[in-house]
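Colleague: Before I use this predicted model in my own calculations, could you take me closely through one part of it, and then set that part against the chain as a whole? I would rather have one connected account than a list.

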Amino acid sequence: MGAIFRREIKAYFTSPIAYIFIAVFYVYTGMYFVGTNIYSATTDMTYVFSGVFTLMMIMLPLLTMRLMSEEKKQKTDQCLLTAPVNLAAIVMGKFFAALCVFLIGMAIYIPYILVLYKLAGSIAWATVIGNMFALLLLGASFISIGMLISSLTENQIVAAIASFIVIMLFYMIDVLAASVSVDWLKNVMVSLGFYNRYYEFTNGIINIPSIVFFLSVTFICNFLTVRVLEKRRWG
């Protein structure tokens, strides 16, 4: 897994993808921070955390689109699939590489928090830490979804668009559920919604079922990605 991780990290930073992702993440969150915290003179970072949800829906599919599809297109996946390598290690190496780039983006929140603490003298640390944890869970879920879809195609653009559509459906499912009259189906749709679960954390509500939900999505998608590679290895 370590070799795959180092290979993918190198690939990210020898191409513009990581730099574009980090730059856009920093600029976008910076505008929210200045607009909602500095100008409004508040330590409430709810909007800074909740506002990044839309950005992640767009940017994380771009971060994951090449993880598997490029291997398939370049035929380099054959080397990995025929080598005596654990497929789970390949998937997790790629997953953690993308997550690492995402964490570099998340790191911008640290100076924001320190600035607020310096200016205000106090800050709701429990809420801030909860928000950071929720952002990590959401990012891991989106990355695992994007990687699964990337494993199903050799076209990076198709992978990015399909990942965005799937994530958007999970985002919109709460809205769609409002028009469903069948109670059990409505409840199922609401339970699959990403935004309401994430928004709970931004308001300081630590919901254990939501933590389990995000971890389950990450695990299931990574598991399915391994199964896709396994089918290709023996297919």
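Modeller: The elements named here are DSSP runs, with helices (H or I) of at least four residues and strands (E) of at least two, numbered from the N terminus. With that in place, I would begin at Ala 41, which sits in the loop between α2 and α3, the latter spanning residues 46–50. Although Ala 41 is not a glycine, its phi is positive, at about 55°. Exposed means over 50% relative accessible area, so Ala 41, at 70% relative accessibility, counts as exposed.

From this loop we can turn to α2 itself, which covers residues 16–38 and packs with helix α7, residues 87–106, at an angle of about 30° and with the axes 9 Å apart. Because that angle falls under 35 degrees, α2 is roughly parallel to α7, and the crossing in which α2 passes α7 is right-handed. On the α2 side the contact is made by Ala 18, Phe 21, Ile 22, Phe 25 and Tyr 26, while α7 contributes Val 101, Phe 102, Ile 104, Gly 105 and Met 106. Sorted by character, the residues of this contact comprise nine nonpolar and one polar, with no charged residue.

Two other helix pairs can be set beside this one. Helix α10, residues 156–177, and helix α11, residues 183–191, cross at roughly 150°, and their axes come within 8 Å. An angle over 145 degrees counts as roughly antiparallel, and α10 and α11 are therefore roughly antiparallel to each other, with a crossing that is left-handed. Their contact brings Ile 173, Asp 174, Leu 176 and Ala 177 of α10 to Lys 186, Met 189 and Val 190 of α11; here there are five nonpolar residues, two charged and no polar.

In the other pair, helix α9 (residues 125–150) meets helix α12 (residues 195–202) at roughly 155°, again with axes that come within 8 Å, which makes α9 roughly antiparallel to α12. The residues involved are Thr 127, Gly 130, Asn 131, Ala 134, Leu 135 and Leu 138 from α9, together with Tyr 198, Phe 201 and Thr 202 from α12, and they divide into five nonpolar and four polar, with none charged.

Phe 201 also leads on to Ser 210, since Ser 210 is in contact with Arg 197, Glu 200 and Phe 201 once its neighbours within four places in sequence are left aside. Ser 210 belongs to helix α13, residues 208–234, and at 1% relative accessibility it counts as buried, whereas Ala 41, with which we began, counts as exposed.

As for the chain as a whole, its secondary structure comes to 13 helices and zero strands. Its radius of gyration is 19 Å, close to the 18 Å that the globule rule gives for 235 residues, so the chain is as compact as a globular protein of that length. Taken along the principal axes, the box filled by its C-alpha atoms is roughly 60 × 50 × 30 Å. Buried residues make up 46% of the 235 residues, and among contacts with a separation of 6 or more, 77% join residues 24 or more positions apart.

Technical notes
Residues numbered from 1 in each chain as written. Predicted model: local features only at pLDDT ≥ 70, side-chain atom pairs only at ≥ 80, totals over all residues. Heavy atoms only, no water. Axes fitted to C-alpha atoms, helices over the stretch in contact; angles between N-to-C directions. Parallel < 35°, antiparallel > 145°, perpendicular 65-115°, else oblique. Left-handed = near helix turned anticlockwise from the far one by under 90°. Contact = heavy atoms within 4.5 Å. Nonpolar A, V, L, I, M, F, W, Y, C, P; charged D, E, K, R; others polar. Rg over C-alpha atoms; globule rule 2.2 N^0.38 Å. Buried < 20%, exposed > 50% of the residue type's maximum accessible area, 1.4 Å probe, protein only.
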